[in-house]
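Thanks, everyone. Let me put the structure up and then walk you through it.

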Amino acid sequence: MLCIKLLLVGLLITASVGCSTVQRPITPANALLHSTDTAFALIDKSGWAKSEWKKYLRDDGHKAFSVSVLEDGSIYAVGFASDMKSKYWAVVGAQNLCKYFSEGYGVCRVVDIQTNHTKTQLTPVQIGQAPLQLIRHRDIRSYYQYKEEHGPKTIVVANPSGSVNWVSGEQLSSMQALDACEQSMAEYDVSCEVLESED
């Protein structure tokens, strides 16, 4: 009799999840997050948060979504990271962005983690052999494009986003690459550093 009751409760929970307007793909990586964190349900109640959620769902690679919730139960800020080389970096990226945008208001919590490698175009060996500072697939792809260019050349990485800029075939390429990096830094980046140079 206990088994039947548990089965019925499980069916009711499944049915209630299916009624939500926010798409919630349940995977082994995020099932626990969805079932235990009430902050996930708040995405439905905020138009701007729902818009960010939809952008997040369209993205590729390892990805995570974090929300900052105020004491009154409303979402103050969100942050998400996608196209990351691992789940670890997806969580770190989402939390960093959430904390940046929340400016200390509320507590940032990761409410979703997913993996989708349909567009990464990289082998595990390429990912493993790339410099550790490169945490997104697109930046790793850019790094291998840089490696094929002839010198003089320089590749620069922004911290903490991991975005890269490179210049090849130019004298003083390091100065140009650093300048390009500083011009394109994300608002939460704090510095640019030379990753490799053949200037």
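**Starting from serine 66**

Leave out residues up to four places away in sequence, and serine 66 touches Ala77, Val78, Gly79, Ala94, Gln95, Cys98, Cys108, Arg109, Val110 and Val111. Keep in mind that this is a predicted model. Serine 66 sits in strand β1. Is serine 66 buried or exposed? Its relative accessible area is 0%, so serine 66 counts as buried.

What does its side chain reach? One partner is the side chain of glutamine 95, in a polar contact of 2.4 Å. Another is the backbone oxygen of arginine 109, at 3.2 Å from the serine 66 side chain.

**The sheet around it**

Now the strands. β2-β1-β3 is the order of an open, three-stranded sheet, and the pairing is antiparallel. β2 and β3, the latter spanning 107-116, are the edge strands, each pairing on one side only. From one strand to the next, the twist averages 15°. How many bridges link β1 and β3? Nine, in the antiparallel sense. To find the register, take alanine 64: its bridge partner in β3 is isoleucine 113. Helix α4, residues 87-102, lies across β1, β2 and β3. It runs at about 150° to β2.

**Two cores**

Next, the nonpolar packing. The largest nonpolar core has 14 residues. Which of them touch the most other members? Ile43, Trp53, Phe65, Val67, Ile75, Val78 and Val111. At least two residues of this core come from each of α3 (47-58), β1 (61-69) and β2 (75-84). Look at isoleucine 75 in particular. Setting aside neighbours within four places in sequence, isoleucine 75 contacts Leu42, Ile43, Trp48, Ala49, Val67 and Ser68. Another core lies apart from this one. That second core has eleven residues, including Ala130, Leu134, Ile155 and Val164. As a general point, nonpolar side chains in soluble globular proteins tend to be buried together.

**The other sheet**

Further along the chain, here is another open sheet of three strands. Its order is β5-β4-β6, and the pairing is antiparallel. β5 (164-168) and β6 (191-197) form the edges, each pairing on one side only. The twist here averages 20° between one strand and the next. Strand β4, residues 153-159, runs antiparallel to β6, and six bridges join them. Alanine 158 stands opposite cysteine 192 in β6.

Two helices pack on this sheet. Helix α6, residues 137-148, touches β4, β5 and β6, and its direction makes about 165° with that of β4. Helix α7, residues 173-184, also touches β4, β5 and β6. For α7, the angle with the direction of β4 is about 30°.

**Histidine 137**

One more residue to look at. Histidine 137 lies in helix α6. With a relative accessibility of 0%, histidine 137 is buried. Where does aspartate 83 sit relative to histidine 137? The two are 54 residues apart along the chain, yet their C-alpha atoms are separated by 5.6 Å.

**How far to trust it**

Last, confidence. The mean pLDDT of the chain is 81. 80% of the residues reach 70 or more. The weak stretch to watch is residues 1-24, where pLDDT stays under 50. For that stretch, the model has 13 contacts beyond four places in sequence. Where pLDDT is low, the predicted coordinates should not be read in detail.

Terms used
Residues are numbered from 1 along each chain as its sequence is written. Side-chain values use heavy atoms; hydrogens and water are left out. pLDDT is the predictor's confidence in each residue, from 0 to 100. Contact means heavy atoms within 4.5 Å. A nonpolar core is a set of buried Ala, Val, Leu, Ile, Met, Phe, Trp, Tyr and Cys residues joined through side-chain atoms within 4.5 Å. Buried means under 20% relative accessible area, exposed over 50%, partly exposed in between (1.4 Å probe, protein chains only). Helices (H or I, at least four residues) and strands (E, at least two) are DSSP runs, numbered from the N terminus. A polar contact is a pair of N or O atoms within 3.5 Å; within protein, one must be able to donate a hydrogen and the other to accept it, and residues adjacent in sequence count only if both atoms are side-chain atoms. Two strands pair if DSSP finds at least two bridges between them. Axes are lines fitted to C-alpha atoms, for helices over the stretch in contact, and angles run from 0 to 180 degrees between N-to-C directions.
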